[in-house]
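Please walk me through this two-chain model. I would like the sheet, the helices on it, the contact between the chains and any unusual backbone angles.

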Amino acid sequence: MNRSIELEILEQHDKVTFYTFRFVDDELFEFDKFYDAHDNVTFREEMDFIIKWIDKIGEDGAIDRFFRPEKGKMMAIPLEITDIRLYCFKISDDIVIIGNGGIKKTKTYNEDPLLNSYAENLLSIGKILIDQINRGIVTIHNKTLYGLKPISFNSI
Amino acid sequence: MKKNPKLELRRKRISPEVKSLIDKSFAISEQIDLILKQKGLTQKQLAKMLEKSESEISKWMSGVHNFTLSTIVKIELALGEQITICPKDAKIEYTFVITSPSSSAATINANNTNTWDSLIYGDAMNLILGEQKFNVAIPENCIN
C-alpha cells in the first residue's frame, strides 16, 4: 500500500538530533505510538532504560556499538532486561530516526507481522532519505535535516 | 534545543537505580573501547581472548549491559588494564599549564599537597584532564 510519511524532530541533544515520523493519514507519530503503548506499570523499567539510553546517546553520539544491528542502518535499542525492541534508523552519528517497536516474541522480527511492518517500513523510509541526502535534495547542517518533504513509499 | 514535553515529564520519573546503572555501564563500555583502541585490539579479538561469542561482547559494549564483578575482572585480566577503580585507590595526577603570570608548566600530583606550593593564589590556568582542557583559577583555600 502506498503511504506517505512526514519526519519531525523528536528531540535535540548535544550530539544527536532524534527524528520520528508520522503517516500523513495518522494522528500520532510512530514514537508516540510506542511510548503510549509502553508507558505503563508493566514496562516501567524498560521505558526508564529507553529514555535514559536516548539521553546517553544524545550526550555521546550515535555510535554503532550502542545499537543492536538489525538490517543495514536499521537498528534497535538493545535491552537485555526484556525482549522489547524499539527500531531506529541511523542516518549519521548525529542524526537518528526513531520509529515504533514492541515485544519480540519470535526468533526474527520478520516472523512477527507487526514488528516486521515497523522495522521494514522504517528501513524503506531510511533508504529513501539516504538517497535524497546523496542526491542533495535533503541536506544536513548542524545535526538537522533541511529540505524535508513527505516521503511516499510502499508500506507493509 | 528542542525537547519533547512528554519525555521531559517522564524523565523526572526515571528510577535513580536505572540512571546510575546506565551511567556506569556506559562508562565501563567506553573504558573497554578506549583500552581496545589503545592496544589495537578489536571486539572480535577480545571475544577470542575470553572465549566468548562476538555477540556477547557486543552486548557488553552496548552501554546498557548489567556487568557482574566477575565479568569486569575477567576483562581486566585479559586486557591487563583496570577498567574500574574505587575512589580510595584512585591516584589523580593533574597537569597544570600556567598561563598567567608565567607560562611554565607544572605537573602536580593532587595527592601530594607539597607540589601545590609552587602555585600562586589567583593564577589562571588551563587544567588538562586527558584530552579535555578546562580554564581554572586557583582557589584561595588550596594554597597555604
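The paragraphs below start with the ground rules and then move from the sheet to the interface and on to chain B.

This is a predicted model, so local features need pLDDT of at least 70, side-chain atom pairs count only at pLDDT 80 or more, and totals for chains, interfaces and linings use all residues. Residues are numbered from 1 along each chain as its sequence is written, chains are lettered from A and ligands numbered from 1 in the order in which they are written, and side-chain values use heavy atoms, with hydrogens and water left out.

Start with the sheet in chain A. Helices (H or I, at least four residues) and strands (E, at least two) are DSSP runs, numbered from the N terminus. Two strands pair if DSSP finds at least two bridges between them. Chain A has an open sheet of 7 strands, in the order β3-β4-β5-β6-β2-β1-β9, with mixed pairing. Its edge strands are β3 (68–71) and β9 (151–154) of chain A, and each of them pairs on one side only. From one strand to the next, the twist averages 40°. Strands of a sheet pair through backbone hydrogen bonds, either parallel or antiparallel.

Now take the pairs one by one. At one edge, β3(A) runs antiparallel to β4 (residues 74–76) of chain A, with 3 bridges between them. Here A:P69 has A:M75 in β4(A) as its bridge partner. At the other edge, β9(A) pairs with β1(A) in the antiparallel sense over 4 bridges. A:R3 has A:F153 in β9(A) as its bridge partner. β1(A) also runs antiparallel to β2(A), joined by 7 bridges. A hairpin of 4 residues links β1(A) to β2(A). Within this pair, A:E8 stands opposite A:T20 in β2(A). β2(A) and β6(A) run parallel and share 3 bridges. There, A:T17 faces A:I95 in β6(A) as its opposite number.

Burial comes next. Buried means under 20% relative accessible area, exposed means over 50%, and partly exposed lies in between (1.4 Å probe, protein chains only). In β2(A), 7 of its 7 residues are buried. Both faces of β2(A) are covered: A:T17, A:Y19, A:F21 and A:F23 are buried on one side, and A:F18, A:T20 and A:R22 on the other. The edge strand β9(A) follows an alternating pattern. A:I151 and A:F153 point to one face and are buried, while A:S152 and A:N154 point to the other and are not.

Which helices meet the sheet? Helix α1 (residues 30–38) of chain A packs on it, touching β1 (2–12), β2 (17–23), β5 (84–92) and β6 (95–103) of chain A. Its direction makes about 40° with that of β6(A). Helix α3 (residues 113–134) of chain A lies across β1, β2, β3, β4, β5, β6 and β9 of chain A, and runs at about 5° to β5(A). Axes are lines fitted to C-alpha atoms, for helices over the stretch in contact, and angles run from 0 to 180 degrees between N-to-C directions. Contact means heavy atoms within 4.5 Å.

Move to the interface. The contact takes 29 residues from chain A and 30 residues from chain B. The two chains bury about 2,800 Å² between them, 54% of it on carbon and sulfur atoms. Buried area is the accessible area (1.4 Å probe) that two parts lose on being put together, summed over both. On the chain A side, A:K52, A:R65 and A:E80 lose the most area to chain B, together 25% of what that side buries. The interface also holds 11 salt bridges (a side-chain nitrogen of Lys or Arg within 4 Å of a carboxyl oxygen of Asp or Glu). One of them joins A:D48 to B:R10, with the closest N and O atoms 2.8 Å apart.

Chain B has 5 helices and 4 strands. Along the sequence they follow the pattern α-α-α-α-α-β-β-β-β. Of its 144 residues, 32% count as buried.

Last, two backbone angles. Most residues other than glycine have a negative phi, and most peptide bonds are trans. A:N142 is not a glycine, yet has a positive phi of about 50°. A:N142 sits in the loop between β7 (139–141) and β8 (144–146) of chain A, and is exposed, with a relative accessible area of 59%. B:E51 also has a positive phi, near 55°. B:E51 lies in the loop between α3 (43–49) and α4 (54–60) of chain B, and counts as exposed at 74% relative accessibility.
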